[in-house]
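The following paragraphs explain a protein model, starting from a metal site and moving outward to its surroundings. Please keep the sequence and the structure in view while reading.

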Amino acid sequence: MIIGIDDTDSRSGMCTTYLCAVLVDELEQGGYGTLSIPRLVRLNPCIPFKTRGNGAVSFAIRIAAGREREVKELVKARVQELAELHDEETNPGVVFIDEAAVHAISKGVSGEEKGAMQKLKNFYESAVRDVLSIEAAYSLSSELNIDCFGLKNKRGLIGALAAASFLVVQQADPSRYDFTYELMVYREQERWGTPRVIDEASVWHADEATYPSTWDTVDWANKKLVLAPHSPCPVLFGIRGCRVDALYHAYKLIRAEPAEREMLFITNQGTDVHLIAGVQGRLQDYHSYVLDGSVDSMPRTIEGGHVVFALSLSDWASDRIECIAYEPTKGFRDHIRKLRKGDEVTVYGSFKRGTINLEKIAVRQLNVEVRKNPRCEHCGKRMESAGRGQGYRCKRCKTYRADKEVVIVARELEEGLYEVPPVARRHIAKPLIRMCMDGEIDHLHPSR
Ligand SMILES: [Zn+2]
């Protein structure tokens, strides 16, 4: 059976990954069956209603004979008990895809069954890239005979079904989606809401010992730890990376308050799966894109320290959008400020009200030309315009030239890819260090 859960937390407490860890441990220790590594699935990061990281979870369990009903009851009971039901914004959802349904979806060869896999795949991808309705979750669940359980308005069913879909697809085809790992470490219950005790020096050391197999543990440029949340939730910290041994090695090196438990997750974090490339047609709010264009205004710093510039999109001659690097992106703004009109760039980020919120930028071609009034060949002074479209003249020497002079200027900015620093990175965004390791592109400027 595959179980997906979402929306049990609130800004003031709980964490859906913790509920998942409790359940996985309890089901395992109670001999209910054999469990998979759970999945932590980040959904569309710019969706208007979300709790903190917009993450949902799922896991597979091969249930011991005759205990299916007990497992479902236990999951429902824990969700009811641990979810932050008093919070208006918390609307839990759980889906159960039983063995027979998983088998039909995964191993099927008939057109209809292939269709089921495709539908789950589409549902997961839409949950990451689009805005889905609860009705879409209901309708797909009933079509595929998936058992649902929800509380309050049950909006969590969207994420629960998406997380379960991710796991179904990944089990059938492990190379289908890029993935990374996060080792989550949880606090003892009596410490929830109190300041976290983590020895900073040990974290810097752990990072040094395991980077780049782990990332976003610390932010070197901003001298901050980024592994621990600041909310009163049960998470002590999480270590993100691409190698399980490196995650546990880092964990061993970190000195901190005693942990209640830890849980390893396979996750779509750090993969850029939210980005839509090669889009045709209109850009939609709450979607994230990769867009080619040309810088169409000098970048300027606005109130609050945000840096903005206009971009004319290559694919639609008429479209011009704004791009913004918010103040919390810190040093990333320095690269943006060095852009000039005419620079060819590719921007990565989410779109809202005509503006792309920059996560990464590829500076593809710098505009190194400056057009200036020509110099007079006699006296060497800059000539004046003789009127619109009339060329240039030197009044004193009575000389004339038709065109501006093109001067090649040195640029402070280098071509290549730039990213926001770890302190400002979305869970789902792919760090450049991962691209370096994949050898995807040259000229990367990782933020450390
Ligand atoms: Zn002159």
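The donor residues of the zinc ion follow the spacing C-x2-C-x14-C-x2-C in the sequence. The model is predicted, so that local features need pLDDT of at least 70 and side-chain atom pairs count only at pLDDT 80 or more, while totals for chains, interfaces and linings use all residues. Residues are numbered from 1 along each chain as its sequence is written, and side-chain values use heavy atoms, with hydrogens and water left out.

Coordination of the zinc ion is provided by the SG atoms of Cys 376, Cys 379, Cys 394 and Cys 397, at 2.3 to 2.4 Å. Donors here are N, O and S atoms within 2.8 Å of the metal (3.2 Å for Na, K and Ca); water is not among the atoms, so sites may look incomplete. The 4 donor atoms subtend angles of 103 to 114° around the zinc ion, which makes the arrangement tetrahedral; four donors count as such if all angles lie between 85 and 135 degrees. For comparison, the ideal angle for four tetrahedral donors is 109.5 degrees.

Two of these cysteines can be described by their accessibility, for which buried means under 20% relative accessible area, exposed over 50%, and partly exposed in between (1.4 Å probe, protein chains only). Cys 376 is buried, at a relative accessible area of 3%, whereas Cys 379 is partly exposed, at 27%.

An open sheet is formed by 3 strands in the order β21-β22-β23, with antiparallel pairing. Because β21 (384-385) and β23 (399-401) stand at the edges with a single partner strand each, one side of each is left without a neighbour in the sheet. Strands are DSSP runs of E of at least two residues, and helices runs of H or I of at least four, numbered from the N terminus; two strands pair if DSSP finds at least two bridges between them. β21 is joined to β22 (residues 392-394) by 2 bridges, and Glu 384 stands opposite Arg 393 in β22.

Elsewhere, helix α7 (residues 200-210) has several buried residues, including Val 203, Trp 204 and Asp 207. The buried residues of α7 pack against β8 (214-215), β9 (218-219), β10 (224-225) and α8 (244-253), contact meaning heavy atoms within 4.5 Å.

Ile 134 belongs to helix α5 (residues 134-143) and is buried, with a relative accessible area of 16%. Leaving aside residues up to four places away in sequence, Ile 134 touches Asn 153, Lys 154, Arg 155 and Ile 158.

Key:
Four donors count as tetrahedral if all angles lie between 85 and 135 degrees; four count as square planar and six as octahedral if opposite donors are over 155 degrees apart and all others between 65 and 115; anything else is irregular.
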